[in-house]
Amino acid sequence: METSSPLAVALISGGLDSMVAAASMAAAGYRLLALSVDYNQRHQIELAAARRIAATLGAERHVVLPLDLRAFGGSALTAEIEVPKEGVGDDIPVTYVPARNTIFLSLSLGWAEASGARDMVIGVNALDYSGYPDCRPEFVAAFEDMAALATKAGVEGDRFRIHAPLQHMTKADIVREGTRLGLDLGMSWSCYDPAPGGLHCGLCDSCRLRAKGFEEAGIPDPTRYAA
């Protein structure tokens, strides 16, 4: 690929949304630097998926950055708190990790400035999601404004752009977009509480939203669920 193509830092968790978001940037002609964070999350299996996805998308470099958020806890993903299995509710669930997307975008911003990239991509989604405050358009816009104030590049007028191409999509829309891009969606991992044998539990919020997306999209779900 031509080196004149723009460079973007892509947050790749290993999940469906981050996979499709990063792939859309690659399809738009961006070269990718892939960033995954090993925050000692309960579902460590997603990092193996992130490695597969980064390689498949042709990322020029993939950094898996260790940052142990279990030192803080406060979430079912970073503490000994049971992952809810009763269905998606209206409240912010205990699977919310305090300030996670703020932390992750800050890391992306640091790498973007260091590498000369001015674009970042994150797979946040404000429609079919589990109520996380750091998936909203207001958050993304505010962080972009903050980046202009917090960096050498920003204060010199070289603004950073945060791309959230899935922001207003339903999960079904995301499944359709991934299929249109020719992705193997089965390569991604969504489950918060993996079952034995490398299976998605099928009952946590993330599994339910994933299964619902494939069903509503009318596309066969390649995911192996335990329930």
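In this predicted model, the buried residues of helix H4 are Phe139, Val140, Phe143, Ala147 and Ala148. Their cover comes from several parts of the chain, including helix H3 (100-115), helix H5 (152-155) and strand S5 (161-163). The spacing of the buried set fits a simple bit of helix geometry: with 3.6 residues a turn, an α-helix has residues three or four places apart pointing the same way. H4 itself, residues 137-150, has the length one would expect, because 14 residues at 1.5 Å each should span 20 Å, and the end C-alpha atoms are indeed 20 Å apart.

Helix H6 (residues 171-180) can be read in much the same manner. Its buried residues are Lys171, Ala172, Ile174, Val175, Glu177 and Gly178, so charged side chains turn up in that list, given that Lys counts as positive and Glu as negative. What covers them includes H1 and helix H7 (205-217). After H6 comes glycine 182, with a positive phi near 80 degrees.

Stepping back to the whole chain, the secondary structure comes to 7 helices and 5 strands. Along the sequence these run β-α-β-α-β-α-β-α-α-β-α-α. As for overall dimensions, the chain has a radius of gyration of 17 Å, which agrees with the value near 17 Å for a compact globule of 227 residues. The C-alpha trace spans about 50 × 40 × 30 Å along its principal axes. Of the 227 residues, 51% are buried. Contacts tell a long-range story: taking those between residues at least 6 apart in sequence, 71% join residues at least 24 apart.

Then there is the surface. The accessible area of the chain is about 10000 Å², and carbon and sulfur atoms account for 54% of it. The chain carries 20 positive and 28 negative charges, and the mean positions of the two sets lie 4 Å apart.

A few loop residues deserve a look of their own. Asparagine 40 sits in the loop between strand S2 (31-38) and helix H2 (45-56). Its phi is positive, about 60 degrees, although the residue is not a glycine. Asparagine 40 counts as partly exposed because its relative accessibility is 30%, and the partly exposed class runs between 20% and 50%. Alanine 99, in the loop between strand S3 (61-66) and H3, is another non-glycine residue with a positive phi, here near 60 degrees. At 31% relative accessibility, alanine 99 counts as partly exposed.

Serine 13 belongs to the loop that links strand S1 (7-11) and helix H1 (16-27). With a relative accessibility of 31%, serine 13 counts as partly exposed. Leaving aside residues up to four places away in sequence, serine 13 touches Ser18, Glu46, Leu47 and Ala50. Ser18 falls within the residue range of H1, while Glu46, Leu47 and Ala50 fall within that of H2. Serine 13 can also be set against serine 206: the two are 193 residues apart in sequence, yet their C-alpha atoms are 13 Å apart in space. Serine 206 lies within the residue range of H7, one of the elements covering the buried residues of H6.

Key
Residues numbered from 1 in each chain as written. Predicted model: local features only at pLDDT ≥ 70, side-chain atom pairs only at ≥ 80, totals over all residues. Heavy atoms only, no water. Helix = DSSP H or I, 4+ residues; strand = E, 2+ residues; numbered from the N terminus. Rg over C-alpha atoms; globule rule 2.2 N^0.38 Å. Buried < 20%, exposed > 50% of the residue type's maximum accessible area, 1.4 Å probe, protein only. Contact = heavy atoms within 4.5 Å. Areas by Shrake-Rupley, 256 points an atom, 1.4 Å probe, with all protein chains shown as cover. Charge placed at Lys NZ, Arg CZ, Asp CG, Glu CD. Expected span 1.5 Å × (residues − 1).
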